[in-house]
Structures are given as C-alpha cells and as structure tokens.
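Me: I'd like a close look at one part of this model, the small molecule and what sits around it. Please then walk me outwards to the rest.

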Amino acid sequence: MLSASEHTPLLRLTGISKSFGTQVALHPLDLSVARGDFVALLGPSGCGKTTLLRVIGGFLRSDQGRVEINGADVTDLGPEQRPTNMVFQGYGLFPHMTVRENVAYGLKIARVPAEKRNQAVGEILEMMHISGLSDRLPRALSGGQQQRVALARALVMKPSVLLLDEPLAALDLQLRKSMQIELRNLHREIGGTFICVTHDQGEAIGLANRVAVMNAGRIVQEGTPEDIYQRPSNAFVAGFVGESNILSLTRQSGSCRLADNIIPSSGPDGTVAMMIRPDDISLVEVKPAAEISLYGQLTDAVFMGDHVKLIVAAETGDTLTVHRSRQEWQSDPLESGKRVFASWSRDACHILEQS
Amino acid sequence: MTLRAACWLTFGILSAAFLVAPLALVVAFSFGENPHATLPFGNPTLQWYRELFAGDDFLAALQNSAIVTSCVGLLSAVLGTAAAFGFTALDRKLSRLGAQLISLPVMLPPLVLALALATAFSATRIPLGLGTVIPSHLIFTQPFVILIIYARLTAFDRSLIDSARDLGASSLQIFFTITLPLIAPSLIGATLLSMAISLDDFVITFFTIGGGMTLPTLIWGMLRTHLDPTINALGTLVLVLTLGLSVIAFKLTRYKG
Amino acid sequence: MSSVRSRDVAAVAPSFLVWTGFFFAPILYLFVVSFWSVRQYKLVTDASFDNYLLAAGEYRHAIVFTLALAALVGVVTTVFAFAMAYMIRFYAGRFGNVLLFIALTTLFGGYLVKIYAWKGLLGSTGIINQALLAAGLISEPISWLLYSPFAVVITLVHFLLPYALLPINAALRGVDDAPIEAARDLGAPPSRILIDVILPQCERGILTAFALAFFVSAGDYVTPQLVGGTDTFMIGNFIQSQFVNRMNAPVGAALAFATLLMTLLVVALLSLLYRRILKACAT
Ligand SMILES: Nc1ncnc2c1ncn2[C@@H]1O[C@H](COP(=O)(O)OP(=O)(O)O)[C@@H](O)[C@H]1O
Ligand SMILES: [Mg+2]
C-alpha cells in the first residue's frame, strides 16, 4: 500500500481542457505533481494559469479530463470537498473578521473542537510571525501581513495541495524578495505540496523545484528550473525565461550556417532558432578558432548596476546582447564603436525548433 | 482666496440656506409661543407638541404610519434583497432590463400611479385601507432596496465566496457567515431609506387609504381646514423621522452623492 | 445549470409579482380606461378618442401652461443645481461635502412640510414680507409672492434641487482634471472650458436632472393647490379634480397620459438637441 501511494503522483491531471464560450483557455493538457514538490506554473498574463489552478482547486469544472488527488478522482467535487486550499490573488481575506477569526474559519466550519482549533490557529500564527496581529481586521494590515494571514488561513487546514495564485504580485520588490525566501523555507519546513502561479520567471526559478511553462493554454515545457533555463525546448521558453539572444537560421541537410560558422544539427530542413544567453558570449579582438563567432561593432554599453549590458550589431544584421560583470568591465572597458568578434562555445548555444 | 472663489463660496452658503431655512423655520416655529408663522418666535414652549399628542387624530395617524412604515420596510427588505440576489446571478442584459422595469414606478409622477391604483382597486372592489396602502408603497420603495443591494453585490469580492468554499463552507454557511454580515449595513440602510420614503408619502397614500389617515394625510387635512399651529409640531416630527432615517441610511450605505 | 437559473428566477419573482399586480396592471388598466367614458357615475366601456380630443381641445391651454411652468422649473432647477455642483467641484473643498450632505438628507423627507413652509414664508404676513418691510425696502407687503406662479416655481425648485444636484454632481465629479488643465494651458477662458470641455461630458447628468425636475413638476398638483392660488391651475389639478370631484376617471386618465406623452416628447427632443445647443453656444 505504502509503495503504491509513493509511486502514484499526489496530483494527476489528464486531458484537462477548458473553454469560455469560443475562447479556449486550456487545450487538453496533462500534469503530474509528486508529493512534496513545489511547482511553479509560469507563463505570460492570459495564458491560462489561473484557469488551470482553479480547475485543480475545484472552482472551475474542466470541459474534459480528470483530476486525481492521492489516487482518488475528484473531478466532480467542489472546492469544499477537495483536500486543497488556495491563497487567492487578492488574498480574499474576510474583511469583517479578525486575523484570528479568518484563520479559524475553516476549522470552525469543519467543527473542530474549540480547544484543538485554538491550538492549531495559535501554532500557525506563530509560524507565520503574525501572533501579534491576531485581533486586527484585515484592513489594518499591510500587504505583506495580509499575505501571511492568507497563507496561514490555508495552511491551517493542512491541505494535501496548497494552491497559490500570484501570491507575491501585490507586494513591492523588497518584500517580494524576502517573502520568496520565506515561502521556500515554509515549504521545506512543513514539507507539503505547493503549486504556485506566477508570470515572473525569476520568481518561478527562485521558488520552485519544478517549473511548468505555459503559453496560450498549453504547457510547453516542464522540468527543473535548471532544465528550463539551460535547455529550453523551444523559442518561446527561451525567450520567456531569462534574457537570451535568439538568432534565426536555416537548416539544410543536417547543418546550419551562421556567417562563416557551420553548426551541425539534425532535424528537418527549414528555419530554426539559435539561443545564446548574454552571459555566455565573450567579446574578443582575434577570431577564436574552435568557437562560433560573429564579427560586429559594439554600439552601446548600458550600466545596469551589478552588470553591464553591451549591444553588438553583428555583420549578419542581428543584434546581440552581451553581459559583462561590473568588475570585468571596469578592468577592461571597450570603447563604443569598436569592432569585435562576439563568440561563444558550441555547448552554450541551443538550436530550437521554431514553434 | 480670490474674488472669484469668494463669490462662489457666498453662493454656496446662500444655496445651503435656501435648502435648509424653510425647514429650519418650521422647526423653530414648533417650539415658539407665537401661533402665527411670523417673527418673533415667542418664548420657547412645548405647548404645540402637548396639544398635538393630545389629539385622537394624531395618535391614530401615528399608529397607521407606524404600521405602514414598518410593514413596507420589512417587505421591501425581503423582496428587494431576494430580487437583488436573483439579478446578480442572472444574465447581465436580462438583469439590467429587469432593474429598469422595476424602477419605472419611481419615474412616474405619483399622481398617475395613485390614480391607476385607485381606479384598479375600485374596479376589482378591493376595499381600501392599510392593506392597499402597503403594496402600493412597496412598488416605489423596493426599487431603492434592489438598486442598493444589487450595487453592493456586484461590488462584492468574489474571492471571499471562493475562499469560504475553499475552506469547506456550504452555500447556506457562506450566506450567513460571509455574505449577510458584509451586506448588512447596505441592507439596513436600504430598509431605512424605504421606510423614510414610505413614511413621507402623501399622494399615493391619499388615494389608496380610503378613510384612514397617516401623518402626511393628517398634515394635509390640517392645511385644508384651518391654520393650526400644531401643524409645525407635526411637520417637525415628520421631518425628524424621515430625515433621521435618511441620514442613518446614507451613513450605513456609505453613499456620498 | 437549469436548477440554478430557476432558483434565480424564483428570487426575483415576488418583486415582479408585486410590480405586475400593483404597477403594471393598474397602469395598463388606467390606459384602457382613458378610452372609455362615464355615465351616471358608472364606467362605460365604449372605446373612443373623445377624451383625448378633449385633452387636445378644452385642456390644451392647461397642458401647455403646465409644460411651460414645468420647463421653467426644470431649467431653473438644473442651472441652480449645476452652479452648486460646479462650486462643489472646483471651489468648495470640505464645505462641498456639507452641501451634498444637506441635499441627500432633505431628499426623501418632508414633501408636504416643504410646501407649507413656503406658504408660511411667502404669505403677506410671512417672514419675507416682514423682513422687507422692516428693512424699509417696501412700504406694503408684496402680494404676488404667494398664490402665484412665482410661488409654485420657487417651491418646486426648492423641493427638486436635491434631486437635480445628485446626478449633476456625479457627472461633474467624473470629469477629469487633465482635459480642463489642458484647455487652460491652451489659453481657454473659463466660459470656453465650460462649454467645450465640461458641459459635453455632463450630458447625461444634466439631462437626468432636467428630466426629473420637469416630470415631477408637470405631474404635481399639491404644490399649485397649496401655494398656486386660483389662477395657477396646473394639469395635475384638473386630473385630480376629474377623479375626485367629478368621478370621471376616463377624462382624468386621458389627461394624465396625454401630459405624460408630451413630457416624454420634450425630454426626448432636448436630449437630441443637447449637443447642438452647446455648439450654438460655442460659436
Ligand atoms: N470567467 C471567464 N470568462 C471568460 N473568459 C475567461 C474567464 N476566465 C478566464 N478567461 C480567459 O481565459 C484566458 C486565461 O485566463 P487566466 O487563466 O486568468 O490567465 P492567467 O491567469 O494566465 O493570466 C484569458 O484569455 C481570459 O480572458
Ligand atoms: Mg491569473
């Protein structure tokens, strides 16, 4: 029994699709989440992340497909019957209840005896560092504090899956950074399964141990943050996750040409894309032998704080973005207008099918 | 302050005086010994109130007004809230049309409405009395409740309902623990407003009550017969009741113009 | 899905039942009655346009007089309310809230009290004449203050001002500062800003205010009866007396519907012409 539940994923979606009238929000998609995972659903605004999350939570019924949690089919169950809990986009705190009443609400509905309830609430408030706020109303709380209450209110239910819809979007940059760390620690501490929706790739990579990138109602790539960043499976993911240079090339009988470089690449003939991260490109004056390089002119250098962003106009007409660390740049600056070779190793670039 | 601003401010103060002064005078006269509506007010006295409360007419009218007002308030609240919930759930276009239809009685001159009701009651031989006054008031008070509650419900944060469901609450539990407490101020405000409107109505009441009297029809009767100084006391009473209800209502619904 | 719908329909049903029984059906019946006639205090169901011909003939002057007086009240109230709202929007600061509060609280109360308050104020021994006499501005009381069209207009304006203020205030509050400042920046004087920027954006509020004031005064009979005197008979008085004194519901109903139709036409015409009037003002 135990081994069975270890091998079945905690959450399994099969063939989930959803349309609003003629607007397709989700094309049929599958997703499995293992127990203890922190999954980020990452994608641009309007790609269907919230819709997917609401299907998992039971707020929306998918047009087709199955939702299983712990091996049980919950497709037809409403949110009140699912072992999931959600932290809503605007937090959804009950404005007429104090922090303590908000957090205790679910336990009260479940008729947990007062003593046990108070203990559970006290513990979670402690854990979220909001014990001191327990008698305040939500409107007397800052954004960050409201966020903690919303988390506490969901976590006190000990959900099998915690769903978070853009949990940090309403916070300012500073707070967002510190809440990110705290959310990670929280996940590690209580060891639950989290699914978090975000449109911020930095947040997804910083938070999750698995990332599902979505675009236009589909999951276009799923994997560890490293996979997603270093081995994007298509041009969309490459462009969306991190900064990247994407060059368009033609593939003909197993190889691509870029200026005078020949790059072997298997696959059908046609247009493909080459992706190189800006920090994988170096600028040199002598053409390096074993690397791929483009000759061009440095047109601009923009100081970005921790790094310097260089713009190179290549002979081929492409524009490349190159990153230099601040120290490197200060010890060896280049003049604007200088002619250079932009070069990178074969391992640093990826040939992506256009999609 | 510029001259222009000073002129505008003067205008503002004068318009405030224009709105308030006539009512303030009625109140002032009601507490003055002078029985005519002239200056000076005379020494302060409660004589007119004593005389008013001693009259049988007044007590009967007060009782009728109390019955009508409370029934209309209660029924408007119940019917209006139910309808507002229905409208919120129904298709947007449909509910908009419904709301417009149901607000029509407010747009019509009260006289036309009153005559239509009186004619219809006489054609159907329904005996006139408080039983005909109450539903007649209902048709022009319920739109206010519906519009206020509907506005509150459309501004209602849906994620609160979702949160409650997520935490396991049933529809009934959600209604009593989340929705009702949150709309309560609007609901009470709307109810008080419908009571103020009902309490103040003269035209419709006059044509649908038959023999009886309410406070406004009593005022009317006093105006038609003789200039009785107790009318100022009665007028003050009606003002305090209707304006008082309105003030609380607007405070509760947080309506600011 | 269908069960949800039927529940929602059930929720609106009681309200609509009351509406149908006590509004729609009676109004419809009154409309039908307006084509009937009365003989020996009994309704006779012989449909004809006679009553409407009577409205267009014998009562034409009363209707026209009523519409003119109501239009006057409408215009005065709307202009007055606009000036107040303008002051609140651009000059008043916190005092504006006080004004709005006064308007709101006096909105739904004291209909009869307001009318008879004016009766007391305007009478020959009333406070206004008293004050003017005391100030030596007049040597004997002004008699046309009360029991005159003037009294009807001022009483109705007082009663309707709060009703007109609210929609206009809402409209003015919705006018952004940016276009106004842009117009000033481009050198427009206040009058041009008013005509070119503000008034076009307040169309709905202004028309609503006018329509409200116009409708209510055209249908009112209490005010003319109490402060209008014997020569300020408005159509409401005729309608009321057809019902109450002559027991002739059909003629009263026809007068009511004829007046209603005319008021609707006036308001419709005005809303069609609003932009054009503004344009004419601008040139
Ligand atoms: N209730 C709804 N009715 C109609 N369309 C909707 C509804 N909810 C979402 N959509 C549409 O579905 C698509 C996906 O929306 P959503 O899941 O909210 O995107 P995301 O959360 O990724 O920004 C969008 O195009 C949106 O307009
Ligand atoms: Mg979203």
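How far is an oxygen atom of ligand 1 from a polar backbone atom of A:Cys47?

Reply: The gap between that ligand oxygen and the polar backbone atom of A:Cys47 is 3.2 Å. Before we go on, some ground rules: this is a predicted model, where local features need pLDDT of at least 70, side-chain atom pairs count only at pLDDT 80 or more, and totals for chains, interfaces and linings use all residues. Residues are numbered from 1 along each chain as its sequence is written, chains are lettered from A and ligands numbered from 1 in the order in which they are written, and side-chain values use heavy atoms, leaving out hydrogens and water.

Back to ligand 1. A:Lys49 joins in through a backbone N or O atom, 2.9 Å from an oxygen of the ligand. A:Thr51 uses its side chain instead, with a polar atom 2.5 Å from a ligand oxygen. On its own, ligand 1 has 560 Å² of accessible area (Shrake-Rupley method, 1.4 Å probe), and the protein covers 59% of that.

Who else is there? The shell (residues with a heavy atom within 4 Å of the ligand) includes A:Phe20, A:Gln23, A:Pro44, A:Gly46 and A:Thr50. By class, the shell has four nonpolar, six polar and one charged residue; Gly is put with the polar ones, and only Asp, Glu, Lys and Arg count as charged. Two elements of chain A, β2 (23–33) and α2 (49–57), each give at least two residues to the shell, and α2(A) gives the most, three. Those names come from DSSP runs, with at least four residues for a helix and at least two for a strand.

Chain A also holds a salt bridge (a Lys or Arg side-chain nitrogen within 4 Å of an Asp or Glu carboxyl oxygen) between A:Asp63 and A:Lys18, whose closest N and O atoms are 3.7 Å apart. These partners are 45 residues apart: A:Lys18 is in strand β1, while A:Asp63 sits in the loop between α2 and β4.

Now step out to chain B, which meets chain A using 16 residues, against 22 from chain A (contact means heavy atoms within 4.5 Å). Buried area is the accessible area (1.4 Å probe) that two parts lose on being put together, summed over both, and here it is about 1600 Å², with 60% from carbon and sulfur atoms. In chain B, B:Arg165, B:Asp166 and B:Leu167 lose the most area to chain A, together 42% of what that side buries.

There are two salt bridges between chain B and chain A, and α2(A), which helped surround the ligand, spans 49–57. In one bridge, B:Asp162 pairs with A:Arg54 at 3.0 Å, N to O. The two chains also share eight residue pairs in polar contact, both at pLDDT 80 or more (N or O atoms within 3.5 Å, one able to donate a hydrogen and the other to accept it, with sequence neighbours counted only through side-chain atoms). On the chain B side, α7(B) gives the most, seven residues.

Finally, chains A and C do not touch, with nearest C-alpha atoms 12 Å apart.
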